[in-house]
Amino acid sequence: WGLIACHHRTAKYLSFEMCAVFELLSNVISAKISAVQKQDVFTYRSSMQNLYAELLEDIYKEENLHGSFEKKKNELLKLLSADGIALIDNHQVFLVGNTPDDTDVAEIVLWLQSQTANKIYHNSHLSSLFEPAEKYSKIASGILVLPIQPEKGTYIVAFRPEALQKVNWGGNPNEAVQFEADGKQYHPRNSFNQWQQTVKQTSIPWKAEEIEVAENFRNFVVEYTLNKIYN
């Protein structure tokens with residue numbers, strides 16, 4: 001995730017002792033960051049486990065998904081780490097939070113079915129794959145799809161809004177490598193003046209642990225749905 005490096009016009013050779021210092025420093029920093037990340041993941045999983053159990057209990061009490069979704073919409077949004085969620089069941093669309101409208105969600109479902117999306121799917125730049133999503137990118141740039149019965153058009157779809165990002169580059173990455181006047185020495189872009197790029201129609205991506213929680217929830221809903229059909 002990071003790099004300790006020395007940059008200069010001419011080669012600079014470090015002594016063994018200096019290299020050992022940098023190696024020790026990098027190991028200490030790496031170990032500390034790893035410990036913090038593991039603690040964050042543990043805390044997140046613990047809180048989501050309690051929320052997950054609460055949602056499952058309520059779904060069994062309500063005896064239908066959309067009733068529980070409406071009642072526990074804040075908990076569901078938190079569980080799937082989303083700003084909006086759509087439940088599409090039996091050609092009916094149930095919306096909670098900030099989402100595209102019913103018609104737009106129905107179009108997304110048709111697109112998902114054409115992609116034969118049978119597994120959990122997520123993308124932080126929906127409009128790059130599904131052009132109609134450009135018109136509602138401010139509220140739904142990111143998408144997390146939980147296929148329940150995709151052949152019947154039954155999905156849970158979570159949305160994340162556009163998160164405008166300013167990315168600072170050490171020069172314009174689109175410029176070609178340029179040579180100095182002597183035609184022999186060259187530098188990337190021949191300039192490292194800061195160049196800023198604005199990234200649009202892109203949401204904050206879902207983390208691995210968030211996907212794991214979503215996958216567990218999907219497995220439960222699939223099992224619950226099948227039991228309702230055959231019992």
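Read along the sequence, the chain of this predicted model follows the pattern α-α-α-β-β-α-β-β-β-β-β-β-β-α. The chain thus contains five helices and nine strands. It has 231 residues, of which 35% count as buried. Among the contacts with a separation of 6 or more, 60% are made by residues 24 or more positions apart.

Five of the strands form an open sheet in the order β2-β1-β5-β4-β3, and their pairing is antiparallel. Strands β2 (92-97) and β3 (121-123) stand at the edges; each has a single partner strand, so one side of each is left without a neighbour in the sheet. From one strand to the next, the twist averages 15 degrees. Strand β1, residues 84-89, runs antiparallel to β2 and is joined to it by six bridges. Within this pair, D89 stands opposite Q92 of β2. Helix α4, residues 102-114, lies across β1, β2, β3, β4 (142-149) and β5 (154-160). The helix runs at about 115 degrees to β5.

The largest nonpolar core has 32 residues, and those that touch the most other members are L80, I85, I156 and F217. At least two residues of this core are supplied by each of α1 (16-62), α2 (65-71), α3 (73-79), β1, β4, β5 and α5 (208-230). Helix α5 provides the largest share, eight residues. Apart from this core lies another, of 18 residues, which includes I108, Y136, Y155 and F159. The surroundings of I85 can be listed in detail. Not counting residues up to four places away in sequence, I85 touches L76, L77, L80, F94, L95, V96, T99, I156, V157, A158 and F159.

Two further buried residues, E210 and S81, are described together, as they are in contact. E210 lies in helix α5. Its relative accessible area is 11%, and residues under 20% count as buried, so E210 is buried. Leaving aside neighbours within four places in sequence, E210 is in contact with Y44, S81, R160 and P205. E210 and R45 are 165 residues apart in sequence, yet their C-alpha atoms are 8.7 Å apart in space.

S81 is placed in the loop between α3 and β1. With a relative accessible area of 16%, S81 is likewise under the cut-off of 20% and is therefore buried. Most residues other than glycine have a negative phi. In S81, phi is near 50 degrees, a positive value in a residue other than glycine.

The largest pocket has a volume of about 220 Å³. Of the 14 residues that line this pocket, L65, D89, Q149, T225 and K228 are the closest to its centre. Helices α2 and α5 are the elements that give two or more residues to the lining. The most comes from α5, with four residues. Helix α5 therefore appears in several parts of this description: it supplies the largest share of the largest nonpolar core, it holds the buried residue E210, and it gives the most to the lining of the largest pocket. D89 also appears twice, as the residue opposite Q92 in β2 and as one of those closest to the centre of the largest pocket.

Note on methods
Residues numbered from 1 in each chain as written. Predicted model: local features only at pLDDT ≥ 70, side-chain atom pairs only at ≥ 80, totals over all residues. Heavy atoms only, no water. Pairing = 2+ DSSP bridges. Axes fitted to C-alpha atoms, helices over the stretch in contact; angles between N-to-C directions. Contact = heavy atoms within 4.5 Å. Core = buried A, V, L, I, M, F, W, Y, C linked by side-chain atoms within 4.5 Å. Buried < 20%, exposed > 50% of the residue type's maximum accessible area, 1.4 Å probe, protein only. 1 Å grid on protein atoms, 1.4 Å probe; cavity = no way out; pocket = protein on both sides within 12 Å on 5 of 7 lines; lining within 4 Å. Points joined across faces, edges and corners; volume = space filled by probe spheres on them.
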